[in-house]
Amino acid sequence: MNIRASALLFGVALATSLAALTFAAPPNGGDTPTAERRTAPEFQGIDTWLNSQPLKLDELRGKVVLVDFWTYTCINCLNHLPYVKDWHAKYKDQGLVVVGVHTPEFAYEKSTKNVQEAIKRLQIQHAVAQDNSYATWKAFRNQYWPAVYLIDKQGRIVYSHFGEGAYGETEKKIQSLLAQPQSRASTADAKT
């Protein structure tokens with residue numbers, strides 16, 4: 001094989017590898033275009049609720065909801081968790097409800113006892129929904145750990161972020177959503 005053929009073969013292999021990496025990387029998320037906004041699906045197939053009574057998104061209309069898909073052995077989730085805990089502490093009294101949807105990657109993560117121990121060790125104060133069957137994961141069409149979805153006061157998914165990072169952008173979106181007035185329909189729904 002001559003040098004030119006070797007270089008061409010190397011170039012094709014490199015381009016193929018880069019293309020594969022590009023397609024494998026999750027999208028970052030961000031604001032959901034207005035035309036694509038949909039009502040957030042209800043929490044489904046939850047095995048156990050921890051740190052909270054069972055929650056229903058329909059009953060949380062009028063509040064801003066942050067749904068965080070995580071699992072306690074995922075290093076990216078653990079790096080991301082301090083921000084989620086901070087947002088809960090800062091904004092819970094202003095109308096933010098944080099729900100960690102614990103969706104296991106490995107069989108031992110399905111143990112409620114193990115999840116409870118992780119919640120205690122990690123000092124998590126917000127609600128945690130144990131989604132062992134991936135029902136809520138599938139309803140949100142989620143594919144990543146960690147993944148954050150912000151739901152506005154009308155119950156629509158308006159923002160998402162996948163993986164670590166964009167903490168400042170996410171917090172600004174939380175602040176913006178909390179500052180928005182409630183619609184009359186959501187105010188009436190929240191009172192019933």
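Guide: A residue is called buried under 20% relative accessible area, exposed over 50%, and partly exposed in between. The model discussed here is predicted.

Visitor: Is lysine 90 buried, exposed or partly exposed?
Guide: The relative accessible area of lysine 90 is 39%. Buried requires a value under 20% and exposed a value over 50%. Lysine 90 therefore counts as partly exposed.

Visitor: Which residue of helix α2 meets lysine 90 in a salt bridge?
Guide: Helix α2 spans residues 75-91, and the two partners in it lie 4 residues apart, about one turn of the helix. Their side chains meet at 3.7 Å, N to O. At 34% relative accessibility, the partner also counts as partly exposed. The residue that meets lysine 90 within α2 is aspartate 86.

Visitor: Which helix holds glutamate 171, the other salt-bridge partner of lysine 90?
Guide: The closest N and O atoms of lysine 90 and glutamate 171 are 2.7 Å apart. Glutamate 171 has 16% relative accessibility and so counts as buried. The pair ties together parts that are 81 residues apart in sequence, because lysine 90 lies in α2 and glutamate 171 in helix α5.

Visitor: Which residues are joined into one network by salt bridges that share partners?
Guide: The structure holds 5 salt bridges. One of them pairs lysine 113 with glutamate 117 at 3.7 Å, two residues separated by about one helical turn of α3. The network built through shared partners consists of Asp86, Lys90 and Glu171.

Visitor: Is lysine 113 buried, exposed or partly exposed?
Guide: Glutamate 117, its salt-bridge partner, is partly exposed at 39% relative accessibility. For lysine 113 the relative accessibility is 55%, and the limit for the exposed class is over 50%. Lysine 113 therefore counts as exposed.

Visitor: How many helices and strands does the protein contain?
Guide: From the N terminus on, the elements run α-β-β-β-α-β-α-β-α-β-β-α-α. The totals are 6 helices and 7 strands.

Visitor: What percentage of the contacts with a separation of 6 or more comes from residues 24 or more positions apart?
Guide: Strand pairing offers an example of such contacts in sequence terms: β3 covers residues 64-70 and β6 covers 147-151, and these strands pair over 5 bridges. For the protein, residues 24 or more positions apart account for 76%.

Visitor: Which residues have the most contacts inside the largest nonpolar core?
Guide: In soluble globular proteins, nonpolar side chains tend to be buried together. Here the largest nonpolar core has 21 residues, and β3, β4, β5, β6 and β7 each supply at least two of them. Apart from this core lies another of 15 residues, including Trp87 and Tyr167. Within the largest core, the residues with the most contacts are Val67 and Phe140.

Visitor: Which residues of β6 does phenylalanine 140 touch?
Guide: Beyond four places in sequence, phenylalanine 140 touches residues including Leu57, Val67, Phe69 and Ile157. Ala147, Tyr149 and Ile151 point one way from β6, while Val148 and Leu150 point the other way. The β6 residues touched by phenylalanine 140 are Tyr149 and Ile151.

Visitor: How many of the 7 residues of β3 are buried?
Guide: In a regular strand the side chains alternate between the two faces of the sheet. On one side of β3, Val64, Leu66, Asp68 and Trp70 are buried, and on the other Val65, Val67 and Phe69 are buried. The strand is largely enclosed by the rest of the structure, because the buried residues number 7 of the 7.

Visitor: Which residue of β4 and which residue of β6 stand opposite valine 67?
Guide: β3 runs parallel to β4, joined by 7 bridges, and the chain reaches β4 through α2 in a right-handed β-α-β crossover. With β6, β3 pairs in the antiparallel sense, and phenylalanine 69 stands opposite alanine 147 there. Valine 67 faces, in β4, valine 99 and, in β6, tyrosine 149.

Visitor: Which residue takes a positive phi in the hairpin of β6 and β7?
Guide: β6 and β7 pair in the antiparallel sense over 5 bridges, with isoleucine 151 partnered by isoleucine 157. The hairpin has 5 residues between the strands. The residue with a positive phi near 90° is glycine 155.

Technical notes: Residues are numbered from 1 along each chain as its sequence is written. This is a predicted model: local features need pLDDT of at least 70, side-chain atom pairs count only at pLDDT 80 or more; totals for chains, interfaces and linings use all residues. Side-chain values use heavy atoms; hydrogens and water are left out. Contact means heavy atoms within 4.5 Å. A nonpolar core is a set of buried Ala, Val, Leu, Ile, Met, Phe, Trp, Tyr and Cys residues joined through side-chain atoms within 4.5 Å. Buried means under 20% relative accessible area, exposed over 50%, partly exposed in between (1.4 Å probe, protein chains only). A salt bridge is a side-chain nitrogen of Lys or Arg within 4 Å of a carboxyl oxygen of Asp or Glu. Two strands pair if DSSP finds at least two bridges between them. A crossover is right-handed if, with the strands pointing away from the viewer, the path from the first strand over the helix to the second runs clockwise.
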